[in-house]
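Q: I would like to go through this model with you, beginning with how the chains meet. Could you take my questions as they come?

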Amino acid sequence: MGSSAEEIRGHLKKYYMVFGALLVLTGITVAVAEMHVSIGMAVVIALFVASIKGSLVACYFMHLMEEKSMLIWILAMCVLFFLVLLLVPMFTIHEQDVGFMQRMNGLSPR
Amino acid sequence: MSDTSHELPFWKKYIFSVDHKVIGIQYTITALLFLAFGFFLMLVMRYQLAYPNQPLPGVFASVLGEPVIGEVVVNEATGEKGKVLTGDGYNAFGAMHGTIMVFLAIVPLAVGGFGNFVLPLQCGAPDMAFPRLNMASYWMYLPGGILMLFGFFVKGGAANSGWTSYPPLSTIATTGQTIWLLGMVVLITSSLLGSVNFIVTVVQLRVKGLSFFRLPFFVWAQLVTAFLLLLAFPPLEAAGILQLMDRVADTSFFDPGGLIISGVERNTAGGGSPLLWQHLFWFLAHPEVYVLILPGLGIIAEVIANNTRKPLWGYKSLVYSAIFLGFMSFIVWAHHMFMTGMGTTLSTFFQATTMIISVPSVIILTCLIISLWGAKIRFTTPMLFALSFLPMFAIGGLTGLPLGLTAADIHLHDTYYVIGHFHYVVAPGTIFAMFAGVYYWFPKASGRRMNEWLGRIHWFFSFIFINAIFMPFFFMGMAGVLRRQFDQTETLHGAAVQGLSVMATWAAIGLAVAQLPFVINFFWSMFAGERVGQNPWNATTLEWSAPSPPPHGNFDTVPVVARGPYEYSVPGEKDDFSMQATA
Amino acid sequence: MSATVIPYDVKPHPLTGMYNGKFGIWLFLASEIMLFGALFSTYVLLRVGAPDGTWPIIGAETTRGDQILNVGLAALNTAFLITSSVTMVLAWANLKMGDFKKGQTMLLVTVALAGAFLVVKYFEYSSKLHHYAVTFDEHFERDGVESRTFKASTDNGDRTIHYLWGHVEETKKDSEGTILGYVFAPDPEPGHEGAEHKKVEIQKSEIARLTTWGPEGSSFLGCYFVITGLHGLHIVGGIVVMLWFVLTGSKMWKSQPDKYANRIECTGLYWHFVDLVWIFLFPVLYLL
């Protein structure tokens, strides 16, 4: 829990390190975007970096690493439902529209 | 636990109360009023359906405003003047009937009412985890409901695109739809606050000895329900905001573009998807179905255990089924969308998950039925409602299977068969469970028992009439009569089964009359019912260890639990019930 | 208030390791994940289904948001929010270490950074709401201004889009107030940013659609405004709560320091979540 004063004093350094990492990763995101790599690559890199940043915030600032498993399970379930909501409607488009592949290709830079 | 409730001024004790019991009763009474109003809308619609374009009887006509709702016509046969329901009025009534019943009546009654009142008591808690949040939740629900009803007074009338509000119809509908969306956002927020409160209360506020598997099934049902509300409602809130933007800011989230209204192309960017709304809507609205039924099943489990005087059969199966049901309910939503052309692969997937989700429902029902086996049943009023709930819920559930199969759904989709199916689940199902709950916990809330004799009359006629309303719907649906139709006699196949529609209408009027004993009983018993002690039903769960009515803070001494929830007729014990709380 | 004592109001429950408020705020955040999740889902669905040449706005060369959004401002805002997250966690840590004054100062700094975020957002929004896209039914050419064209491939064959981006300088109306046309100042051609600004009068009858880069401009802009708008409302909510604690905190700190630190922790959890959402919004809306 990190509830005692001494423990928290020990955490302070960690917070600053995470802060530095977040700034660096933001810089990387922008830099990669400026390189104009292919869209597929850009999506993968951008989401990967964003996930690392998000995890840092969740694990250290929100202390998720120190929480008990019950909360983790609830959040995991929530993320699972989010993914279902994100992905299943996409298949609708896929099925209903013969132009889907064409559009996916359209996502690549011309 | 000392309390200072008698020192509180009236408005703090009964109006802006933070006591979960007062809030529960506020919810119950408000929701019952909304239930009555939703029922009234239905009666007007049913009259139109039975006697198309005939002037409404005076009792309806006198309260309906013109010209939006009623229209003055002259009866050609008799020369009498009267008001008839317009098509737009019918649509508005239909949309509002659905909305009010689902979001303003049943859920607040089942969750806000029973959940609030009973759940902390059954956990042995002094109150909800966040009493002031609980109050905020009620005070968002009530204004949200009133805002929703305000729609009837704006130009064009209340929302008239169905309770599902499918775009593009809803996007271009009259102002009432905007009111509907605003009302929904408020109601969803209220619901979210409530569900957070429920989960924290169950997890953190259980008293010593009350492990998860000693919780009454009602608490489990409420816990699963709260999770459904917590995780399924936000997507509808998002969808509501998007539709609001489509209506007021000319965005085109649900508008693919090129929509021509009265010969004029709608000036939007296009590129939206009407199916997106359906996905987001049903992502909520299917779990919502289980939100409607799970608390009902919880109440029925309590009543059955108490009146059979033996433990529930398969308590753990019930619990695991409820959890599995809750989980699965998030991945079945698109079975409402088989006819949208979303594709066969996806339809097959959702058909499979739909068949899977029927298994836990059947397990729950089977456990409850087997619980009756060999019991010396006490036929009290709550038990009568519970017993009649079982077959009617079974009818509602089993008639859902053909709708979950894509091939059968092609014929049955959007017909009265669907109406019959979900009303059997919600009306003879949940509402009967709610009545069982009112009769069962009334002594706890008021310290007085409701009159058994009036209760039985109420049950008997309700049981007859409610089946007479909804049973014909299956036959009408199979004959091809479409839902949301203003006048089914305009089609040949509709006219052929018009007799069933007339029957349903008169049964609905009968059902209205059959509620009079309940209303009389409710108010009479509040002041003159037989006084009872802590535990009039000889029940085992914790709420019966508190005084009736429980004071602020609930228990005289904090209970300690040593037993499971349904230890009835334990061999060797003095009484046929062993209470959870050790004295 | 009442004498009812709610268990685990301040000390953590052995099962969850959290006091009620913290568990409650986490559950609330779970629902927030679903709220923003649904909006992300909307974004993905509309983007994948967007007809050629309409994402992020009609006539766009690629599907990247940075053609019409300001990446520099967004990166600045990212820095603001990340910093505010650190100051927020420091506010809590200082309270836990018993330093009320430093904790409150950090809270105030967080509010200031949140305010800075909103100011930047205001400039971003207003530049969008004063920028226009006009599409024509046919090729348009007048006074040396020529409509740009974009060949979009659709399911029904190729389609040529004639469009201009720029600013509406003046709206021409007749005596009765009916709009006749607009004086339009197109953006310079890509690669000729230094060229002199031209102006052209466009008749209303020549226009297929004239729209700002506001939410009605395109599906992308709709998503952009709704998601960032909702996120902005969360920021406003956070500011209100933090200001409340800045102003009233000392009273509670004196009587119940643990409870006050807990409240700041819950506020912090919410605030970090708002930051977390932005961490995903930034690349998704601005860079992809």
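Q: How much area do chain C and chain A bury between them?
A: In this predicted model, chain C and chain A bury about 5,100 Å² between them, and 76% of that area is on carbon and sulfur atoms.

Q: Which residues of chain C lose the most area to chain A?
A: They are C:W26, C:V48 and C:M97, which together account for 13% of what the chain C side buries.

Q: And how many residues are in contact there?
A: The contact involves 60 residues of chain C and 56 residues of chain A.

Q: How many salt bridges does the rule find across the interface of chain C and chain A?
A: The rule finds one salt bridge across that interface. C:K22 pairs with A:E67, and the closest N and O atoms are 2.9 Å apart.

Q: How many residue pairs are in polar contact between chain C and chain A?
A: The count is four residue pairs, with both residues at pLDDT 80 or more.

Q: Which elements of chain C supply at least two residues each to the side that touches chain A?
A: Helices α1 (20–48), α2 (71–96) and α5 (257–287) of chain C do, together with strand β4 of chain C. The most comes from α1(C), with 16 residues.

Q: How do the residues of that side divide into nonpolar, polar and charged?
A: On the side of chain C that touches chain A, 38 residues are nonpolar, 13 are polar and nine are charged.

Q: Changing partners: how much do chain A and chain B bury between them?
A: Chain A and chain B bury about 1,400 Å², with 86% of it on carbon and sulfur atoms. Of the residues on the side of chain A that touches chain B, 11 are nonpolar, two are polar and one is charged.

Q: How many residues does each chain give to that contact?
A: Chain A gives 14 residues and chain B gives 20 residues.

Q: How many salt bridges are counted between chain A and chain B?
A: The count is zero. The rule also finds zero residue pairs in polar contact across the interface of chain A and chain B, taking pairs with both residues at pLDDT 80 or more.

Q: Back to chain C. What does its domain assignment give?
A: The assignment gives domain 1, made up of 20–130 + 218–287, and domain 2, covering 132–212. The C-alpha centres of these two domains of chain C lie 36 Å apart.

Q: How much area do the two domains of chain C bury between them?
A: Domain 1 and domain 2 of chain C bury about 1,100 Å² between them, 61% of it on carbon and sulfur atoms. C:D52, C:I58 and C:H130 supply 45% of the area that domain 1 buries against domain 2, more than any other three residues.

Q: How many salt bridges does the rule find across that domain interface?
A: It finds zero salt bridges between domain 1 and domain 2 of chain C. For polar contact, the rule finds one residue pair, both at pLDDT 80 or more.

Q: What about salt bridges over all chains: how many does the structure hold?
A: The structure holds 15 salt bridges over all chains. One of them joins the side chains of B:D414 and B:R483, at 3.6 Å from N to O. This pair links distant parts of the chain, 69 residues apart: B:D414 is in the loop between α13 (406–412) and α14 (416–446) of chain B, and B:R483 is in the loop between α15 (452–478) and α16 (492–496) of chain B.

Q: Now the backbone. Which residues does the cis peptide bond in chain B join?
A: It joins B:P167 and B:P168, with omega about 5°. B:P168 lies in the loop between α5 (131–150) and α6 (176–204) of chain B. In chain C, the peptide bond from C:W55 to C:P56 is cis, with omega near 0°, and C:P56 is in the loop between α1 and α2 of chain C.

Q: Lastly, confidence. Which element of chain C has the lowest mean pLDDT, and which the highest?
A: Strand β4 (residues 148–154) of chain C has the lowest, at 79, and helix α3 (residues 100–129) of chain C has the highest, at 96. Chain C averages a pLDDT of 90, and 97% of its residues score at least 70.

Q: Where in chain B does pLDDT stay under 50?
A: It stays under 50 over residues 1–5 of chain B. Where pLDDT is low, the predicted coordinates should not be read in detail. Chain B averages a pLDDT of 91, with 95% of its residues scoring at least 70.

Conventions. Residues are numbered from 1 along each chain as its sequence is written. Chains are lettered from A and ligands numbered from 1 in the order in which they are written. Side-chain values use heavy atoms; hydrogens and water are left out. pLDDT is the predictor's confidence in each residue, from 0 to 100. Helices (H or I, at least four residues) and strands (E, at least two) are DSSP runs, numbered from the N terminus. Contact means heavy atoms within 4.5 Å. Buried area is the accessible area (1.4 Å probe) that two parts lose on being put together, summed over both. A salt bridge is a side-chain nitrogen of Lys or Arg within 4 Å of a carboxyl oxygen of Asp or Glu. A polar contact is a pair of N or O atoms within 3.5 Å; within protein, one must be able to donate a hydrogen and the other to accept it, and residues adjacent in sequence count only if both atoms are side-chain atoms. Ala, Val, Leu, Ile, Met, Phe, Trp, Tyr, Cys and Pro count as nonpolar, Asp, Glu, Lys and Arg as charged, and the others, Gly among them, as polar. Domain bounds come from an automatic or database domain assignment.
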